[in-house]
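This report describes one protein chain, its helix contacts and its salt bridges. The sequence and structure come first.

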Amino acid sequence: MLRKIPIQQVRIGMHVHEVCGSWLDHPFWRASFKIADARQLKQLAVVKEVIIDTSKGLDVDASGAHMELMDDIEVSSTEAVTQAVELDEDETPLAMSVSFQQEIARASRIVEQSRGAMKSMFSDVRMGKAVDTEHCLPLVDDITQSVSRNPGAIVSLARLKTSDDYTYMHSVAVCALMVALAKQLGLNEADTREAGLAGLVHDLGKAQMPLEVLNKPGALTPAEFAIMKGHPEAGHRMLVEGNGVGPIALDVCLHHHEKINGKGYPHGLKGEEISLFSRMGAVCDVYDAITSNRPYKAGWDPADSVQKMAQWAKDGHFDERIFQAFVKSVGIYPTGSLVKLKSGRLGVVVEQGGKSLLSPVVRVFFSTKANEPIVPQLIDLGDGSTTDQIVSRESPATWGFKNIDQFWMPPSN
């Protein structure tokens, strides 16, 4: 039986079915978990209500007030698919079959292979050749398998791109992000594969944009922006004329720039008029765009990007429920984020922890107290071996750090 109860009635031994509220209000990685200790109780104190499952854990006292029976909850199909995947207490956290370091080498090879494949596809389009995406499916499968083993590895590697190869590597990154988000949303295998393919081809229309506009190292004029706004329809036309793409990829290609508030393009769709997959594509596309180096700007810090996108979601740019699921898939502090710990040390997030969005694995390398580098040390903030914790996001530019990615990237061969 499901019950919604005020946070004051929550106790150790209860099974939380859902934490009510935005991810910004609570740090829990999993939507469903059993409360095992006082530390979890303290973390929950920041929310007002939770839904508990009395079949999997303790119930409230029979005399407890303000209980709300949830037996007959009806959830729309869209809400159901955007609920975070539930895990029992003895299950492995979502898509963490191997460690980040175990997967990073394989993911690196996949990224290199995909770089060549996408460069060739964009080149063919520019030369007027018909689009045949059938040969993309093995690449989508490789990316999907990597995400299944450890989502952070290939998602993080795909973010590292030069401004010169941004256009086609952006598609690889969005493919990986779409797969990770689809898994977080609990989509089936077929839909997850379609989501990945949609990410891979969503920006193909940019291959028909004038290179002087596409690669302009500065702000676009209104006329140039009007040209660039034609890329979704250009890509859609090419995919319709080509081979191997279904309705999901076609829709994402055409509508990944639509916004929930109706202020997007090309059709000004709003709310439920935008498909689930296009709402997913909008989030994944923007995240990779703002965290990547572009011809006209350096990429933003991943954690800063998540925070900015949270505000944009509140302003109607994104579907908030899908954005919350996206954050669960990449973390509040995604890999590559620069953070400051309570101890005064600076570190780079290496991978996500298994229990809390606020407790990733961090490699510290600088002391703000001594204002000097320290011997790098890997710290798992969620394994109970340290009382240190993240107190703030930091800007690499503010500290003058040129290449903090070296602290999480695999060593060069």
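## Burial and overall make-up

A residue counts as buried when its relative accessible area is under 20%. Lys161, at 5% relative accessibility, is therefore buried. The model is a predicted one.

The protein chain contains 15 helices and 10 strands. Of its 413 residues, 53% are buried. Among contacts between residues at least 6 apart in sequence, 68% join residues at least 24 apart.

## Salt bridges between parts of the chain

The count of salt bridges comes to 15. One of them pairs Glu103 with Arg149, whose closest N and O atoms are 2.6 Å apart. Glu103 belongs to helix α3 (residues 100–126) and Arg149 to helix α4 (residues 137–149), so this salt bridge ties together parts that are 46 residues apart in sequence. With a relative accessibility of 0%, Glu103 counts as buried.

A salt bridge also joins the side chains of Asp288 and Lys161, at 2.8 Å from N to O. This pair links distant parts of the chain, 127 residues apart: Asp288 is in helix α12 (residues 276–291), and Lys161 is in the loop between α5 (151–159) and α6 (166–185). Both partners are buried: Asp288 has a relative accessible area of 2%, and Lys161 has a relative accessibility of 5%.

## A further pair and a network

Lys206 and Asp203 form another salt bridge, in which the closest N and O atoms are 3.2 Å apart. Lys206 counts as buried at 10% relative accessibility. Asp203 is buried as well, with a relative accessible area of 0%.

Some salt bridges share partners, and in this way Glu103, Arg106 and Arg149 are joined into one network.

## Helix α7 against helix α11

Helix α7 (residues 189–201) packs with helix α11 (residues 247–255) at an angle of about 40°, and their axes are 8 Å apart. At that angle α7 is oblique to α11. The crossing of α7 past α11 is right-handed.

On the α7 side, the contact is made by Asp191, Glu194, Ala198 and Val201. On the α11 side, Ile248, Ala249, Val252 and Cys253 take part. The residues of this contact comprise 6 nonpolar and 2 charged ones, with no polar residue.

## Helix α4 against helix α7

Helix α7 also packs with α4, the helix that holds Arg149. The angle between α4 and α7 is about 115°, and their axes are 9 Å apart. This makes α4 roughly perpendicular to α7. The crossing of α4 past α7 is right-handed.

From α4, the residues in contact are Leu137, Leu139, Val140, Asp141 and Thr144. From α7, they are Thr192, Arg193, Gly196, Leu197 and Leu200. The contact of α4 with α7 divides into 5 nonpolar, 3 polar and 2 charged residues.

## Summary

Helix α7 packs with α11 at about 40° and with α4 at about 115°. Helix α4 is also linked to α3 through the salt bridge of Arg149 with Glu103. Elsewhere, the salt bridge of Asp288 and Lys161 links parts of the chain that are 127 residues apart.

Terms used
Residues numbered from 1 in each chain as written. Predicted model: local features only at pLDDT ≥ 70, side-chain atom pairs only at ≥ 80, totals over all residues. Heavy atoms only, no water. Axes fitted to C-alpha atoms, helices over the stretch in contact; angles between N-to-C directions. Helix = DSSP H or I, 4+ residues; strand = E, 2+ residues; numbered from the N terminus. Parallel < 35°, antiparallel > 145°, perpendicular 65-115°, else oblique. Left-handed = near helix turned anticlockwise from the far one by under 90°. Contact = heavy atoms within 4.5 Å. Nonpolar A, V, L, I, M, F, W, Y, C, P; charged D, E, K, R; others polar. Salt bridge = Lys/Arg side-chain N within 4 Å of Asp/Glu carboxyl O. Buried < 20%, exposed > 50% of the residue type's maximum accessible area, 1.4 Å probe, protein only.
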